[in-house]
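Grab a coffee and work through these short exercises with the model open beside you. Try each task before you peek at the solution.

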Amino acid sequence: MGSSKDIGSYLILAAIGIVLLVVIYFMARWKPLVGTITFGIGVGIWLFITPPRSSSDPAGAGVEASLGCIFNIIKSVVLSVVFYYFMKHYAPDTVLLVTMILLVLYFGKRLIYTDF
């Protein structure tokens, strides 16, 4: 993270992450089902735009990227189902608060370890 291009890219990604978190929060407060769909799409977008660093050869990096894409879709779906379950069966305000805290930490971790 030395050049100005890297810093600009990190700032743009951070802004996108903040917008995703705000949209997820307000959609989930409005309607849990709409919030769940927004949650899944938002997490999927974030996982797509923040690829992890790869120290493999080009062929290995390609396989890692393709399998990573498949696993990211699975992660988004599973996290959405869990989020919806907790929103419907427990206190939605508490679930939303805990979810937002965990998402900020997860988005931040992905941002730090992303590869440009």
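**Exercise 1.** Work out how much accessible surface the protein has and what share belongs to carbon and sulfur atoms.

*Solution.* Keep in mind that this is a predicted model. Start with the total: the accessible surface comes to about 7,500 Å². Then split it by atom type: 76% of that surface belongs to carbon and sulfur atoms. Now turn to the residues: of the 116 in the protein, 28% are buried, where buried means under 20% relative accessible area.

**Exercise 2.** Describe the fold, going from its elements to its contacts.

*Solution.* Count first: you should find 4 helices and 0 strands. Reading along the sequence then gives α-α-α-α. Next, check the extent: the C-alpha trace spans about 45 × 30 × 15 Å along its principal axes. Last, take the contacts with a separation of 6 or more: 81% of them join residues 24 or more positions apart.

**Exercise 3.** Find the largest pocket's volume and say which element gives the largest share of its lining.

*Solution.* The volume is about 340 Å³. Now list the lining: there are 16 residues, with P52, A65, G68, C69 and N72 nearest the centre. Two or more lining residues come from each of α2 (32–49) and α3 (58–89). The largest share belongs to α3, with 9 residues.

**Exercise 4.** Locate the mean positions of the positive and negative charges and say how far apart they are.

*Solution.* Tally the charges: 8 are positive and 5 negative. Take the mean position of each set, and the two come out 13 Å apart.

Key: Residues numbered from 1 in each chain as written. Predicted model: local features only at pLDDT ≥ 70, side-chain atom pairs only at ≥ 80, totals over all residues. Heavy atoms only, no water. Buried < 20%, exposed > 50% of the residue type's maximum accessible area, 1.4 Å probe, protein only. Contact = heavy atoms within 4.5 Å. Areas by Shrake-Rupley, 256 points an atom, 1.4 Å probe, with all protein chains shown as cover. Lys, Arg positive; Asp, Glu negative; His and termini not counted. Charge placed at Lys NZ, Arg CZ, Asp CG, Glu CD. 1 Å grid on protein atoms, 1.4 Å probe; cavity = no way out; pocket = protein on both sides within 12 Å on 5 of 7 lines; lining within 4 Å. Points joined across faces, edges and corners; volume = space filled by probe spheres on them.
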